[in-house]
Amino acid sequence: MTDAATLRAQFPGTPHALVHERQDELLAGLMEYLSQPSVSATGEGFPDATDRALEEVKRAGLTPSVLDGGGRPLVVGHRAGPEGAPHVLIYGHYDVQPTGPRELWDSDPFVPVLRDGRIWGRGTGDNKGQHYAHLQALRLFDTYAGGLPCTVTVLLDGEEEIGSPTLADTLSAHRERFDCDLVVWSDRSVHESGEWCVSHGVRGMLRLRLRATGPSRPLHSGNFGNVAPNPAWRLVQALASLKDPSGRVLVEGFDDGREPLSDADRAAFAALPLDLPEVLGDIGLTEMDPAFDGLSFYERLADRPTLTINGITSGDTCRTIIPDTAEAGIDIRLTAGHDPQAVFERVAAHLRTHAPDVTLTKLGGVPASRTPIDNPHTPKVARAISRVTGRDPLLIPAYGGTLPDWIFTGILGVPSIGLPLANHDQANHAPNENLRVDYFLDATAICMELLLELGS
Ligand SMILES: [Zn+2]
């Protein structure tokens, strides 16, 4: 292995200076990449989108390949580093969300434009701009150093926006190709404060549907009231059995297996900036849910599971009828140590006792993922950021949301670290998605510093 100073000496100036010197070419390349539609949900732009991503991987100096698991294919690039150097797997996704109504966009989502220091277009922040920064860092290494300081595999998902349905099976089937020391995924946004951050986990999610059925069609509530049983009552009683009025979940063993935050996690959460009145004010509230009194904002999001009614549908609020069906959607956000199947079975057992005539369907389950915040790689990732920005990043133990991170920590069995590279107001999934140019350029330099740090 070569030390970082020797590797750095191969560059004219710092990675930061080099990236800024070549910014026109970097921006032009990204704009061109963004103009290829790649909407996994509708198929718009496929299969060309896969070829386009493959081309970018090739241009970055990697050996490209496609893994087709039956959905939108995975694009993979690989390049060996020096003997004994660590193998880092970089994860991003080349598919994008649908654009939604085009009239809500200020410019065509697939004709990217540069305006007010930002690039505007679908996929700018989520996720092409982010993995393009990694690919350009690899290309610049190739140009100036003729090789990489670590072994690198780039994995670009073609269906992240539809829940990566084939990713786990495809990675399991090709396990040996992904035998790495560390996964670095770049998605989501930097912290709301604008500070760069390094993250270490996500909550999982179990999605359920409860359904009660009654008469074969909606009935006149006078002609059939007290004759036909009402599925809406059955459903709300089933739902009410899941939580007491104070918000405590009544499913037996609901919390079993949960791994609480470590002291290092708690300290990291305590160090994160938070303007709670502002956060609550923004959503029209003044208090947090009293069911979790005594827990901090971040502990609520990362250390506790949820049980959320997403919606209830039955009958009609304007007509005097007995509905024929009643349905509720529920999601349970799982924390580390929670097995989705075990939680599902506990909820099913609860409903068998309390509402045996309500049908429970499991719509999907993804485990949580957590990498210890005091792992040996995090200081290197943090240093890569501070070398470019001059500031230490925020260290986030876990997010409240859900990503397929368990595939890396669970199936590949390696640490997985999140390095978000987009501005927090990127408007991902919404109209006028954008990526700030200063973040993109710093991101590219950070990705170069990351390879230097990991390889040294
Ligand atoms: Zn997304």
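**Figure 1. Y33, Y132 and F440 make up one aromatic cluster.** Rings of Phe, Tyr and Trp (its six-membered ring) pair if their centres lie within 6.5 Å; planes under 30 degrees apart count as stacked, over 60 as edge-to-face and the rest as tilted. The structure has seven aromatic pairs. The model is predicted: local features need pLDDT of at least 70, side-chain atom pairs count only at pLDDT 80 or more, and totals for chains, interfaces and linings use all residues. Residues are numbered from 1 along each chain as its sequence is written, and side-chain values use heavy atoms, with hydrogens and water left out. Y33 also has a charged partner: the charged end of K128 sits over its ring, 5.5 Å from the centre. A charge sits over a ring if NZ of Lys or CZ of Arg is within 6 Å of the ring centre and within 35 degrees of the ring normal.

**Figure 2. The zinc ion is held by D126, E161 and H429.** The protein donors are D126 (OD), E161 (OE), E161 (OE) and H429 (NE2), at 2.0 to 2.5 Å from the ion. Donors are N, O and S atoms within 2.8 Å of the metal (3.2 Å for Na, K and Ca); water is not among the atoms, so sites may look incomplete. Angles among the four donor atoms run from 55 to 137°, and the site is irregular. Four donors count as tetrahedral if all angles lie between 85 and 135 degrees; four count as square planar and six as octahedral if opposite donors are over 155 degrees apart and all others between 65 and 115; anything else is irregular. Along the chain the donors follow the spacing D-x34-E-x267-H. D126 belongs to helix α5 (residues 124-145), while E161 lies in the loop between β6 (151-157) and α6 (167-173), so this pair links distant parts of the chain, 35 residues apart. Helices (H or I, at least four residues) and strands (E, at least two) are DSSP runs, numbered from the N terminus. D126 is buried at 5% relative accessible area. E161 is buried too, at 14%. Buried means under 20% relative accessible area, exposed over 50%, partly exposed in between (1.4 Å probe, protein chains only).

**Figure 3. Two aromatic pairs join separate stretches of chain.** W196 and Y439 form a tilted pair, 5.1 Å centre to centre, with 35° between the planes. W196 lies in the loop between β7 (182-185) and β8 (197-199) and Y439 in helix α15 (residues 437-455), so the pair ties together parts 243 residues apart in sequence. Both W196 and Y439 are buried. The rings of F269 and Y298 are stacked, with centres 5.4 Å apart and planes at 10°. F269 sits in helix α9 (residues 263-270) and Y298 in helix α11 (residues 297-302), 29 residues apart. F269 is buried at 5% relative accessible area, and Y298 at 12%.

**Figure 4. L138, L156 and F440 touch the most other members of the largest nonpolar core.** This core holds 61 residues. Helix α15 gives the most to it, 13 residues. A nonpolar core is a set of buried Ala, Val, Leu, Ile, Met, Phe, Trp, Tyr and Cys residues joined through side-chain atoms within 4.5 Å. Among the contacts of L156 are Y33, V57, L74, Y94 and L135, leaving aside residues up to four places away in sequence. Contact means heavy atoms within 4.5 Å. A second, separate core has 30 residues, including L272, Y298, L394 and A398.

**Figure 5. Cis peptide bonds join F46 to P47 and D126 to N127.** Omega is about 5° for the bond between F46 and P47. P47 is in the loop between α3 (23-34) and α4 (48-59). Omega is about 15° for the bond between D126 and N127. N127 is part of helix α5. The zinc donor D126 thus takes part in this cis bond.

**Figure 6. D116 and R188 have positive phi.** Most residues other than glycine have a negative phi, and most peptide bonds are trans. Phi of D116 is near 55°. D116 lies in the loop between β4 (113-115) and β5 (118-120) and is exposed, at 66% relative accessible area. Phi of R188 is near 60°. R188 is in the loop between β7 and β8 and is partly exposed, at 29%.
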